[in-house]
Amino acid sequence: APFQFGQRTNSAEFWTRTAPNTKMPGLYLTERGYVNPTEALRRENDLEQNIIASILYQEGVTPKFSGSALSTADGNIIVEGVGGFGDEYMLGERAPIALPARVIDAVSSHHRSAQELLNTPIKTEWIYDGKTPWFVQLNRQNCEGGGDLAVIVRAPEGTKVDYIDFPPEKGLEYLRNTLVPEALRDGKGIRVVGNIGLGSHMGDVLRRAHVPSYVETLWLPEKK
């Protein structure tokens, strides 16, 4: 590799992650195991690297819990996650669970420290190995949600917004390619009628598009 960064986990497991020039949540290749760089670019139909800036090989963490943490407009930190791997949670296919207090406290502490160090609101994706939370991704974030309701992006104050219903089972790509363009074209918002995490890629897509949006069905811990 031309360079290395981060801290070793010594898990003997690697993930292949594409790093695009423009962040597109949940769109490009993230795969457990080693994928040859040329093969990864071929899969994205981007051998000329017009879309993908680089390929990352990330040492894995054995997960007890996985999820995301995001800063809110009111200065709080929302920590969400599930037991084990967080792939389905990030795609909006699995609802968050009620996390143990020790996990929420540890992730919140690390998140706040990173935010203070960078002096900007952030969103992190984390894995908790039973002792330590590891950040496997970190992005700057516009704080557009928070408060008592499950708000993803707040509508401008004093504005009446008509909302389009989005059942999460229709999938991330339907939201990205169909519903968000429709909402932007018609000046509408999107109401998520289902049980997803605010920090999922579905939430990321809505935040990046600045579409007024909220989760109507506040998530409940999934049954064990």
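This note goes through selected side-chain contacts, burial and surface features of a predicted model.

1. Aromatic pairs. The structure contains five aromatic pairs. In one of them, Phe3 and Phe5, the ring centres are 6.0 Å apart and the planes stand at 20 degrees, so this pair is stacked. Phe3 and Phe5 are both exposed.

2. Tyr34 and Tyr57. Another pair is made by Tyr34 and Tyr57, with ring centres 5.0 Å apart and planes at 20 degrees, so it too is classed as stacked. The two residues are 23 apart in the chain and link distant parts of it: Tyr34 sits in the loop between β2 (30-32) and α1 (37-43), and Tyr57 in strand β3 (residues 52-59). Tyr34 has a relative accessible area of 59% and is exposed. Tyr57, at 31% relative accessibility, is partly exposed.

3. Nonpolar surface patch. Tyr34 and Tyr57 also belong, with Phe14, to a nonpolar patch on the surface, and together the three residues have about 320 Å² of accessible area. Phe14 is part of strand β1 (residues 14-20). Its relative accessibility is 37%, which means that Phe14 counts as partly exposed.

4. Arginine over a ring. Arg32 is placed over the face of Phe85, and the distance to the ring centre is 3.8 Å.

5. Salt bridges in general. Side chains of opposite charge can pair when their charged atoms come close. The count for this model is 11 salt bridges. Three of them are taken up in the points below.

6. Glu59 and Arg8. A salt bridge joins the side chains of Glu59 and Arg8, at 2.8 Å from N to O. This pair links distant parts of the chain, with Glu59 in strand β3 and Arg8 in the segment before β1, 51 residues apart. The partners fall into separate burial classes: Glu59 has 13% relative accessibility and therefore counts as buried, whereas Arg8, with a relative accessible area of 54%, is exposed. The cut-offs are under 20% for buried and over 50% for exposed.

7. Arg43 and Glu31. The closest N and O atoms of the salt bridge between Arg43 and Glu31 are 2.6 Å apart. Here helix α1, which holds Arg43, is linked to strand β2, which holds Glu31; the two residues are 12 apart and the pair counts as linking distant parts of the chain. Arg43 is partly exposed at 40% relative accessibility. Glu31 is partly exposed as well, with a relative accessible area of 29%.

8. Asp204 and Arg207. In the salt bridge between Asp204 and Arg207, the closest N and O atoms lie 2.9 Å apart. The two residues are three apart in helix α5, so about one helical turn separates them. Both Asp204 and Arg207 are buried.

9. A shared network. Elsewhere, Glu31, Glu39, Arg42 and Arg43 are joined into one network by salt bridges that share partners. The Arg43 and Glu31 bridge of point 7 is between two members of this group.

10. Helix α5. The setting of the Asp204 and Arg207 bridge is a mostly covered helix: in α5 (residues 201-209), seven of nine residues are buried. Besides Asp204 and Arg207, the buried residues are His201, Met202, Gly203, Val205 and Leu206. After α5 comes His210, which has a positive phi, near 55 degrees.

11. Ser71. This residue belongs to strand β4 (residues 65-71). With 4% relative accessibility, Ser71 counts as buried. Its side chain makes a polar contact with the side chain of Gln115, at 2.2 Å. A polar atom of the Ser71 side chain also lies 3.2 Å from the backbone oxygen of Ile122. The Ser71 side chain thus has a side-chain partner in Gln115 and a backbone oxygen, that of Ile122, at 3.2 Å.

12. Ser54. Strand β3 contains Ser54, and this serine is partly exposed, with a relative accessible area of 26%. Ser54 and Asp129 are 75 residues apart in sequence, and their C-alpha atoms are 27 Å apart in space.

Key
Residues numbered from 1 in each chain as written. Predicted model: local features only at pLDDT ≥ 70, side-chain atom pairs only at ≥ 80, totals over all residues. Heavy atoms only, no water. Helix = DSSP H or I, 4+ residues; strand = E, 2+ residues; numbered from the N terminus. Buried < 20%, exposed > 50% of the residue type's maximum accessible area, 1.4 Å probe, protein only. Polar contact = N/O pair within 3.5 Å; in protein donor to acceptor, adjacent residues only side chain to side chain. Patch = residues over 30% accessible without salt bridge, like charges linked within 9 Å, V, L, I, M, F, W, Y side chains within 5 Å. Areas by Shrake-Rupley, 256 points an atom, 1.4 Å probe, with all protein chains shown as cover. Salt bridge = Lys/Arg side-chain N within 4 Å of Asp/Glu carboxyl O. Phe/Tyr/Trp six-rings, centres within 6.5 Å; stacked < 30°, edge-to-face > 60°. Lys NZ or Arg CZ within 6 Å of the ring centre and 35° of its normal.
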